[in-house]
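Let's take a stroll through a protein model, one neighbourhood at a time. Have the sequence and the 3D view open while you read.

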Amino acid sequence: MAAAALPALPPQFKSIQHHLRTGQELDKREPVVAYYCRLYAMQTGMKLDSKTPECRKFLSKLMDQLETMKKQLGDNEAITQEIVGCAHVENYALKMFLYADNEDRAGRFHKNMIKSFYTASLLIDVLTVFGELTEENVQHRKYSRWKAAYIHNCLRNGETPQPGPIGMEGEDYDDDDREVGLSVLPGQVSQLSTSTAEPSDMPTSNYTGIHIPPGAHAPANTPAEIPHSTGEIRLTPEDFARAQKYCKYAGSALQYEDVSTAVQNLQKALKLLTTGRE
């Protein structure tokens, strides 16, 4: 899905340059995710500076891109329905996270794994266009950025990284580490194959139940047996909304042929509807 070129990025918008680059890389393979990357950049840019001429010009062109993409995507539910869009972006972010995490824990350290960690963190940023992040996603984002910076620095210094969350507690992470996206193995970011944003060996299941850190690699989420209803259950409008959310998440997971995650979310919806509890 080709998009018209944007003007030069104003210095005020430095913090969104990686989100825009990720959107460009995903234009053809994941146009829905690419659209929301640009929407995040647009919303964030408006907060940063919407008054100076160069920023107004850039935002105007970016808005034109968004409108064009929205027309091209037509009646795609991930665009027309916010809850479906949120599930789609979240599933893709966690899919990338799990690939990088598995590579890390297997001791396979390389630049594309670093990029996958970092891109996963950017896509979790993008999830804020749908509202406040869950605590789980906040943890995933922090861990992904720390891992990307940590492994990059180890490889740059000729050191062997430690796999998993070992040592994170002693690390000081701050937003300056976001710059790893610019320096993933110095001078080689432009050479990172965009096709490896979704490697052929990337697992596509069991990534919604990961809790990091502390502890070892969490196993796939195994839902508890769903108890039978023991009486009349009074469900609130919020309960129905949450059940609908789980069903939408299941539908999005099936787009990736991720049966395990789909089943998990459907079981959560069923438990909520039959017991009134999650």
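## A charge over a ring

Which residue lies over the face of Tyr-246? Lys-245 does, at 5.0 Å from the ring centre. Keep in mind as you look around that this is a predicted model.

## Helix α9 and its neighbours

Tyr-246 is also one of the buried residues of α9. The others in that list are Asp-239, Ala-243, Tyr-249, Ala-250, Ser-252 and Ala-253. What do these buried residues pack against? Their partners are α5 (82-105) and α10 (259-275).

Now try a quick check with a ruler. Helix α9 covers residues 237-255, which makes 19 residues. At 1.5 Å a residue they should span 27 Å, and the C-alpha atoms at the two ends are 28 Å apart, so the two values agree. The 27 Å comes from multiplying 1.5 Å by one less than the number of residues. After α9 comes Glu-257, and its phi is positive, near 55°.

## Rings that meet

Next up, the aromatic side chains. The model has eight aromatic pairs. One of them is Tyr-143 with Trp-146: the ring centres are 5.8 Å apart and the planes sit at 50°, so this pair is tilted. To be called tilted, the planes must be neither under 30 degrees apart, which would be stacked, nor over 60, which would be edge-to-face.

Where do these two sit? Both belong to helix α7 (residues 135-156), and because they are three residues apart, about one helical turn separates them. Here's a handy bit of background: an α-helix has 3.6 residues a turn, so residues three or four places apart point the same way.

Are the two rings' residues buried or exposed? Tyr-143 has 0% relative accessibility, so Tyr-143 counts as buried. Trp-146 is buried too, with a relative accessible area of 3%. The cut-off for buried is under 20%. The pair also has company: Phe-97, Phe-117 and Tyr-150 join Tyr-143 and Trp-146 in one aromatic cluster.

## Opposite charges pair up

Side chains of opposite charge can pair when their charged atoms come close. How many salt bridges does the structure hold? The count is seven.

Start with Asp-101 and Arg-105, whose closest N and O atoms are 2.9 Å apart. Both lie in helix α5, four residues apart, or about one turn of the helix. Asp-101 has 0% relative accessibility, so Asp-101 counts as buried, while Arg-105, at 22%, counts as partly exposed.

## A network around Asp-125

Which residues are linked with Asp-125 in a network of salt bridges? They are Arg-141 and Arg-145. Take Arg-141 to begin with: the closest N and O atoms between Arg-141 and Asp-125 are 2.8 Å apart. Arg-141 lies in helix α7 and Asp-125 in helix α6 (residues 111-126), so this pair ties together parts that are 16 residues apart in sequence. Asp-125 is buried, with a relative accessible area of 2%, whereas Arg-141, at 21%, is partly exposed.

The other bridge joins Asp-125 to Arg-145, with 2.3 Å between the closest N and O atoms. Again the pair links distant parts of the chain, since Asp-125 is in helix α6 and Arg-145 is in helix α7, 20 residues apart. Both Asp-125 and Arg-145 are buried.

Technical notes
Residues numbered from 1 in each chain as written. Predicted model: local features only at pLDDT ≥ 70, side-chain atom pairs only at ≥ 80, totals over all residues. Heavy atoms only, no water. Phe/Tyr/Trp six-rings, centres within 6.5 Å; stacked < 30°, edge-to-face > 60°. Buried < 20%, exposed > 50% of the residue type's maximum accessible area, 1.4 Å probe, protein only. Lys NZ or Arg CZ within 6 Å of the ring centre and 35° of its normal. Contact = heavy atoms within 4.5 Å. Salt bridge = Lys/Arg side-chain N within 4 Å of Asp/Glu carboxyl O.
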